[in-house]
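The following exercises concern a predicted model. Each task is followed by a solution in steps.

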Amino acid sequence: MDMLAEPAPAEDEIDVLFIEDDPDLAELYELKLHLDGYRVHAVHAGTQTLDSEVGKPDIVYVDVKSYDGPGAVALKRLHTDRRLNGVPRVVLSHDNAETLRAHGVKLDDLDYLVPV
């Protein structure tokens, strides 16, 4: 794959909010999604305000590395952010849903858990 390739053309660009606490992983995901034609806004999981420059995304990806880490905290904030009502969330985690729930991480109808 040519890493310098132009992004795929998109009729209607999809805005993706990507929440990650590892800058290198965030850059990798951002590049991949950009090359696939998405408009990506990567923010650090520890950021207190997720809406500063992002607006309302079409989809949110959040990396939950551990049930008590910055990603889990960000996911909890997403659930209470009225601006993001109705926006689907893809939760990337090493843990399964039962483990996350057992440690107080709420998953709801808009959360799609992807094991990584």
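**Exercise 1.** Determine what covers the buried residues of α2, and which residues these are.

*Solution.* The cover over the buried residues of helix α2 includes β1, β3, β4 and β5. The buried residues in α2 are G71, A72, A74, L75, R77, L78 and H79. As to placement, α2 spans residues 70-80 and lies across β1 (15-20), β3, β4 and β5. Its direction makes an angle of about 145° with β3.

**Exercise 2.** Establish the strand order of the sheet and identify the strands at its edges.

*Solution.* The 5 strands form an open sheet in the order β2-β1-β3-β4-β5, and the pairing is parallel. β2 (39-44) and β5 (111-115) each have a single partner strand, so one side of each is left without a neighbour in the sheet. From one strand to the next, the twist averages 20°. Within this order, β3 (residues 59-64) pairs with β4 (residues 89-93) over 5 bridges. In that pairing, V64 stands opposite S93 of β4.

**Exercise 3.** Classify the aromatic pair of F18 and Y61, and state whether each residue is buried or partly exposed.

*Solution.* The whole structure holds 2 aromatic pairs. For F18 and Y61, the distance is 5.8 Å centre to centre, with 25° between the planes. Planes under 30 degrees apart count as stacked, and this pair is therefore stacked. F18 lies in strand β1 and Y61 in strand β3, 43 residues apart. The cut-off for buried is under 20% relative accessible area; F18, at 1%, is therefore buried, whereas Y61, at 21%, counts as partly exposed. Together with Y29, F18 and Y61 form one aromatic cluster.

Terms used
Residues numbered from 1 in each chain as written. Predicted model: local features only at pLDDT ≥ 70, side-chain atom pairs only at ≥ 80, totals over all residues. Heavy atoms only, no water. Pairing = 2+ DSSP bridges. Helix = DSSP H or I, 4+ residues; strand = E, 2+ residues; numbered from the N terminus. Axes fitted to C-alpha atoms, helices over the stretch in contact; angles between N-to-C directions. Contact = heavy atoms within 4.5 Å. Buried < 20%, exposed > 50% of the residue type's maximum accessible area, 1.4 Å probe, protein only. Phe/Tyr/Trp six-rings, centres within 6.5 Å; stacked < 30°, edge-to-face > 60°.
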